[in-house]
Amino acid sequence: MSIVKYNNNSISDITSGASLDSGNMTHIKTLTASSSSSLSFVDGSSDVVLDNTYPIYIFKIINCHPASNDISFQFQGSTDTGSSYGVTITSSHFRATHGEDGSSAALAYITGGDLAQSTSYQLLGGSIGSDADQSVSAELIVFNPSSTTFVKHFMANVQSIAHSNRSNNQYPAGYFNTTSAVDAFNFKFSSGNIDSGTIKLYGIKDS
Amino acid sequence: MSLNFANNNSLSAIDTKPSGLSGGALTLLSTQTASSSASISFTSGIDSTYKEYQFHYTDIHPANDDAYFQFNMSADSGSNYNVAKTSTFFRAFHTQTGGTSALGYLTDDDLAQGTGFQRLIEYGYNDATSSSSGILYLFDPSSTTFVKHFTAQTTYRRSYSSESHASAVIHVGGYGNTTSAIDAVQFKFASGNIDAGTIKMYGVS
């Protein structure tokens, strides 16, 4: 029997506390880019869970920095555990934008960022710059990807800095138009590597 | 005073984490699953325990076509759902054919001191694979000082007359214009049942 030890700031060897609220937003996996062509979360691989364990999954995209300038950050899903990424998507996309010089503040629908029954990658953020301090961060919510009854809804709030030194706040939303389970997701830039950055996957507990 | 003991690998009789420990931002309080339900109501658990509550609705499927999913709040434990609300409502959509897209404010769907239900979607489609999913955020419902702010984002598949289907997303923001505590929330379609779907209520710590 091991002995529980108490030190200054922690209690080691404690693995459970029956009455403690462990919270319902469960961290599943963190991927860190390092000159990566893409980052993939695949159900059943590398401790990733993307099945009916959770009804809602949340991706937190934190400071993904592109190797190339003026490119888009995008994602797609897979129904064959990552063998291919090309699920049919219909989506909408709008954006608020404002330049560092105060120019061209606007809110508008972005026709280049939506999809209509397309298997292409879904744009999350566009015109992202590759200056050392430029990046994209976002939250992407995917609802019930394992459903075999309904299409699979998603929505995102994406914040980035454009190569032209503008703040872009983009809102893509849509659905994977399939009744097959979506069991993998892939993130990449439209051109060039993800030089650095982190994507975290969380599941919202069902009970 | 009872004593708390540590045994081999667990803590017994400890039910509160030290404030310096992180984790557990979302606490599931209630789950309700619709099955041809006229409405879904949360009449307990909304109090001063949390400053923010979230309602996660997943794959809400209407019995009727062109459905308006909506919600209201109660200040009397669910006896009446009729809190006065002032709100905004805007949406983006894109048809599956790619023929139509739009972003706009919808004056028919906001409220100005209205006590009726606040719409969360418009023209929800009811074919077998269509549904609505989203999150309603309700802030500090137990306050007896401030109005009760809420926001919601809902993504869904809507009907569109000439092009059948469209992806749509609705953004709603507003407040219940009352200083009474809100202690119940109800969801329903403007007409027809909630054929299927799940709504989970979380407290945010």
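Two strands pair if DSSP finds at least two bridges between them, and strands themselves are DSSP runs of at least two residues, labelled E and numbered from the N terminus. With those terms in hand, here are the close-ups. This is a predicted model, in which local features need pLDDT of at least 70 and side-chain atom pairs count only at pLDDT 80 or more, while totals for chains, interfaces and linings use all residues. Residues are numbered from 1 along each chain as its sequence is written, chains are lettered from A and ligands numbered from 1 in the order in which they are written, and side-chain values use heavy atoms, with hydrogens and water left out.

**View 1. A hairpin in chain A joins strands E7 and E8**. There are 6 residues between the two strands, and A:Gly102 in the turn has a positive phi of about 85 degrees. Strand E7 covers residues 89-99, and 4 bridges join it to strand E8 (residues 106-109) in the antiparallel sense. Look for A:Ala96, which stands opposite A:Leu107 in E8(A). E7(A) also pairs with E12(A), again antiparallel, over 11 bridges; here A:Thr97 has A:Asn168 as its bridge partner. Of the 11 residues in E7(A), 8 are buried, where buried means under 20% relative accessible area (1.4 Å probe, protein chains only).

**View 2. Chain A is built from strands**. Chain A has 14 strands and 0 helices. Buried residues account for 50% of its 207 residues. Contact means heavy atoms within 4.5 Å; among contacts between residues at least 6 apart in sequence, 74% join residues at least 24 apart.

**View 3. Two phenylalanines meet edge-to-face in chain A**. Rings of Phe, Tyr and Trp (its six-membered ring) pair if their centres lie within 6.5 Å, and planes under 30 degrees apart count as stacked, over 60 as edge-to-face and the rest as tilted. By this rule there are 27 aromatic pairs over all chains. In the pair formed by A:Phe75 and A:Phe176, the rings are 6.0 Å centre to centre, with 90 degrees between the planes. The pair links distant parts of the chain, 101 residues apart: A:Phe75 is in strand E6 (residues 71-78) and A:Phe176 in strand E12 (residues 166-176). Both residues are buried. Ring pairs also link A:Phe75 and A:Phe176 into a cluster whose members include A:Phe41, A:Phe154 and A:Phe189.

**View 4. B:Arg91 sits buried in strand E7 of chain B**. This strand spans residues 85-95. Why does B:Arg91 count as buried? Because its relative accessibility is 12%. Its side chain makes a polar contact (a pair of N or O atoms within 3.5 Å; within protein, one must be able to donate a hydrogen and the other to accept it, and residues adjacent in sequence count only if both atoms are side-chain atoms) with the side chain of B:Glu122, at 3.4 Å. Leaving aside neighbours within four places in sequence, the residues in contact with B:Arg91 include B:Leu103, B:Arg158 and B:Ile170.

**View 5. Charged side chains lie over rings in chain B**. A charge sits over a ring if NZ of Lys or CZ of Arg is within 6 Å of the ring centre and within 35 degrees of the ring normal. The charged end of B:Arg158 is 4.9 Å from the centre of the B:Phe93 ring. B:Lys188 lies over the face of B:Phe117, 4.4 Å from the ring centre.

Terms used. Helix = DSSP H or I, 4+ residues; strand = E, 2+ residues; numbered from the N terminus.
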